[in-house]
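Welcome, and thanks for taking a look at this protein with us. Have the sequence and the 3D view side by side as you read.

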Amino acid sequence: MKIEFRLITAAVIAAILISPIVARAGSRSHPLSEDAALDLLQRTLKRDRVYEKRISLDCIAYGTEETTNVYFEFVLREIHNAKCGGDPETSPAIDRYRVYRRSGKIQQWEAAEDKWHPYRPTETK
């Protein structure tokens, strides 16, 4: 009886220890959907407080500019309305990001250089 109990306990502990590894491996094997990629971008920008001193996140609209088998490209635009202010006939682009489907890595477009760079929150405007 004691041996069976020890075997069951060992199996449960092994399952608990292995399950996070299996979950992480599984998440990388499935590419991100457009909604999941946008959610990842929004959570990342909010977590890193990228626009905190510049514009309220409630005044940013997200749009998909390009979709490929490798990444989604999103543009962030200012919302101009009574709450956010500005000319409602315009919606200037704030930034552009790419979210890679398989890795979840994010790149940011640097307009001055016309190049994509790895996302680093300390380098954002």
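How many bridges join E1 to E2, and do these strands run parallel or antiparallel? Seven bridges join the two, and E1 and E2 run antiparallel. Please keep in mind throughout that this is a predicted model.

## Overall layout

Let's begin with the elements themselves. The protein contains two helices and five strands. If you follow the sequence from its start, the order is α-α-β-β-β-β-β.

Some totals help to set the scene. Of the 125 residues in the protein, 24% are buried. The accessible surface amounts to about 8,900 Å², and carbon and sulfur atoms hold 56% of that surface. Among contacts with a separation of 6 or more, 44% are between residues 24 or more positions apart.

## Strands E1, E2 and E3

Back to the strands from the opening question. E1 covers residues 60-67, and E2 covers 71-78. A hairpin of three residues links E1 to E2. To find the pairing on your screen, look for Thr64, which stands opposite Phe74 in E2.

E2 also pairs with E3, which spans 93-100. This pairing is antiparallel and involves seven bridges. Here a handy landmark is Arg77, whose bridge partner in E3 is Ala93. E2 is also mostly covered, as six of its eight residues are buried.

## The nonpolar core

Which residues have the most contacts inside the largest nonpolar core? They are Leu41, Leu45, Tyr51, Leu76, Tyr97, Val99 and Ile106, in a core of 17 residues. At least two residues of this core come from each of helix H2 (34-47), strand E2 and strand E3. H2 gives the largest share, with four residues.

Leu76 is a good place to center your view. Leaving aside residues up to four places away in sequence, Leu76 touches Leu41, Leu45 and Tyr51. Leu76 also touches Ile60, Ala61 and Tyr62, along with Pro92, Ala93, Ile94, Asp95 and Tyr97.

## Gln108, a buried polar side chain

Now move to strand E4, residues 106-110, where you will find Gln108. Is Gln108 buried or exposed? Gln108 counts as buried because its relative accessible area is 8%, and the cut-off for buried is under 20%.

The side chain of Gln108 has a polar contact with the side chain of Tyr97, at 3.3 Å. Tyr97 is also listed among the residues with the most contacts inside the largest nonpolar core.

## Two residues with positive phi

Most residues other than glycine have a negative phi. With that in mind, have a look at two loop residues. Arg49 is not a glycine, yet its phi is positive, at about 55°. You will find Arg49 in the loop between H2 and strand E1. Its relative accessible area is 56%, so Arg49 is exposed, the cut-off for exposed being over 50%.

The other is Asp114, also not a glycine, with a positive phi near 55°. Asp114 is in the loop between E4 and strand E5 (115-118). Why does Asp114 count as exposed? Asp114 does so because its relative accessibility is 57%.

Conventions: Residues are numbered from 1 along each chain as its sequence is written. This is a predicted model: local features need pLDDT of at least 70, side-chain atom pairs count only at pLDDT 80 or more; totals for chains, interfaces and linings use all residues. Side-chain values use heavy atoms; hydrogens and water are left out. A nonpolar core is a set of buried Ala, Val, Leu, Ile, Met, Phe, Trp, Tyr and Cys residues joined through side-chain atoms within 4.5 Å. Buried means under 20% relative accessible area, exposed over 50%, partly exposed in between (1.4 Å probe, protein chains only). Contact means heavy atoms within 4.5 Å. A polar contact is a pair of N or O atoms within 3.5 Å; within protein, one must be able to donate a hydrogen and the other to accept it, and residues adjacent in sequence count only if both atoms are side-chain atoms. Accessible areas come from the Shrake-Rupley method with a 1.4 Å probe; for residues, only the protein chains shown count as cover. Two strands pair if DSSP finds at least two bridges between them.
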